[in-house]
Amino acid sequence: MEDTLMIKEEPVITFKNPVLLMEDLSVSYTEDALAVDNVSAGVKRNSITAIMGPSGCGKSTLLRAINRMHELYPNIKITGRIYLNNKDITSMNPILLRRKIGMVFQSPNPFPTMNIYDNVIAGFKLNGVRLKKIEKDEIVETSLREVALWDEVKDSLFKRGTFLSGGQQQRLCIARALAYKPDVILMDEPTSALDPVATSKIEDLLVKLKENFTIILVTHNMAQAARISDYSMFMYLGKLIEYGKTKNLFTRPVNKKTEEYLTGKFG
Amino acid sequence: MKRIVEIDKSVLRRRLYKDKLFYYAVISLSAITTLPLILIIVKLLEKGVRQINLSFFTQTTPNTLEAMVAKANGDIIPGGILNGITGSLLIVLFACIIAIPLGVLAGIYLYENQSSKFSDVIRNITDILQGVPSIILGVVAYNWIVVNITRGFSAIAGSVALSIMMLPMIIRSTEETLKMIPSTIKEAGIALGVPYHKVLFRVLIPSGLSGLLTGILLGISRILGETAPLLMTALGSSVINFDITKPTSAVPLLIWEFYNDPNLVDLIWSSSLFLMGFVLFVNIIAKRIAKKWKIH
């Protein structure tokens, strides 16, 4: 089954035993318009899946449906189903779900009142999980090493996280998401607020992280999707227009809209 | 192409002159607005400083006779306002104990439910409450507490009246502060699988603590000088009292008492100086906190 294009109305790829599976997912902010329109797609384990599309195409909205972030805002309506490891996420406790699906945001948002050390273990700390000092130290060190931040901050672990540079803050936020060992990490344009050097550091990091995690990356930077993602989705006006291996999608797009977007005709 | 029209020199000079005139007018007028405060402080220092010594802070109010004798001998009036200071602290402390939890919770509710009908009602009532004359709050507290609960004048009745005065400020500052915290901070907490109430109390409130403290301190500085509601509730007392069900003195009440006693009238100035200084101090601390821990 893998890698075969299923030509229904739109070309969509399917996987065996996907970590995430969306079925007929629709999200709407207002009654008359769908921000995400009937999307069905699976996500392959230990890969980077990029979601591309012009502004307002619903890519962030789709992402935030996966960890049920929309439930913070009661006027948002969601229909369809999402399965995490074959389990319907609406049947799970949202709090426990969010511990399995980490999230990194567009602009770095370390907790301003916490130091670097506490920011990494914020998930444990805020949830009241009691850890021994050794366990905490280990989590902090491994998480910071995974994001290649350990050497830069090991002497200032107890300084506020907000004193770091933008790129370092974003890596700290990734470390915070990793600390809980989630199955999936959602990233909502994680480099759009960063300079090129910090961006390339984060991109290298993501490629390394996919050994242990599944990453879904929303980006409106096509070059970034081409560089680091294994699979790409192209969304337009809330619809999933095309989904396939990044290599194929960029070289031989099936849909005319995808081709127009990739060649810069709109977006 | 035409050249840009050159401005006539005399016109230019007139414009520069007008500009300067306006500049100095603005400066001098804004200087005038600071005058009342400066005049008040100068007057209080001039008349009050003579009475301020250690015993002013460590002794209770003198009786009329002692004061009369001292005045006749040309000495300063003995005694101090310790009963007023402790009374003010006691009343304000209990006002805070009542108003802070209620106000902060109401502020959180308004922040959470920006546009619900009930929030609008609360917001309007809060605004109206801010404009209720303090003496009316005194009457109400008298009726609620003095008549029905403590069956006599009491510090707690004063605290209730003052807490109602504080509430609007705390509610509004809590709401405004929480609104200023970027929503991504809240979402970061939620995305880590932290239950909402923990995000609120362990992430949002600590992040906005400076704003909350500022609101509370400004509220305190507002009620510190209130006299009218206390006249009908705490009444006043010539001894140090820490029992909230008993009549208690407060600095503004003492000023009123001194005003009514020809022998003690000189103590008005030093008491006013103290009260003014204390309120200024609280205000400055509030401003400092707001500046230092600004939300980034």
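Two residues are said to be in contact if their C-beta atoms, placed from the backbone, lie within 7 Å. With that criterion, 68% of the contacts in chain A with a separation of 6 or more are between residues 24 or more positions apart.

Before I continue, a word on the source. This is a predicted model, in which local features need pLDDT of at least 70, side-chain atom pairs count only at pLDDT 80 or more, and totals for chains, interfaces and linings use all residues. Residues are numbered from 1 along each chain as its sequence is written, while chains are lettered from A and ligands numbered from 1 in the order in which they are written.

Let me begin with chain A as a whole. Chain A has 11 helices and 12 strands; these are DSSP runs, helices being H or I of at least four residues and strands E of at least two, numbered from the N terminus. Its radius of gyration, taken over C-alpha atoms, is 19 Å, close to the 18 Å of the globule rule for 267 residues, so chain A is as compact as a globular protein of that length. The globule rule is 2.2 Å times the number of residues to the power 0.38. The C-alpha trace of chain A spans about 55 × 40 × 35 Å along its principal axes.

I turn now to the interior. A residue is buried if 20 or more other C-beta atoms, placed from the backbone, lie within 10 Å of its own. In chain A, 47% of the 267 residues are buried. Why is helix α1 of chain A, residues 59-66, largely enclosed by the rest of the structure? Eight of its eight residues are buried, so the surrounding structure largely encloses it. After α1(A) comes A:Arg68, with a positive phi near 55 degrees.

A nonpolar core is a set of buried Ala, Val, Leu, Ile, Met, Phe, Trp, Tyr and Cys residues joined through C-beta atoms within 7 Å. The largest such core has 87 residues, and A:Ile51 is one of the six that touch the most other members. Helix α7 of chain A, residues 166-178, provides the largest share of this core, six residues. Beyond its neighbours within four places in sequence, A:Ile51 has contacts that include A:Lys59, A:Leu62 and A:Leu63, which are also among the buried residues of α1(A).

Finally, the two chains meet. Their contact takes 20 residues from chain A and 18 residues from chain B. On the chain B side, α8(B) gives the most, with seven residues.

Note on methods
Buried ≥ 20, exposed ≤ 12 C-beta atoms within 10 Å, placed from the backbone.
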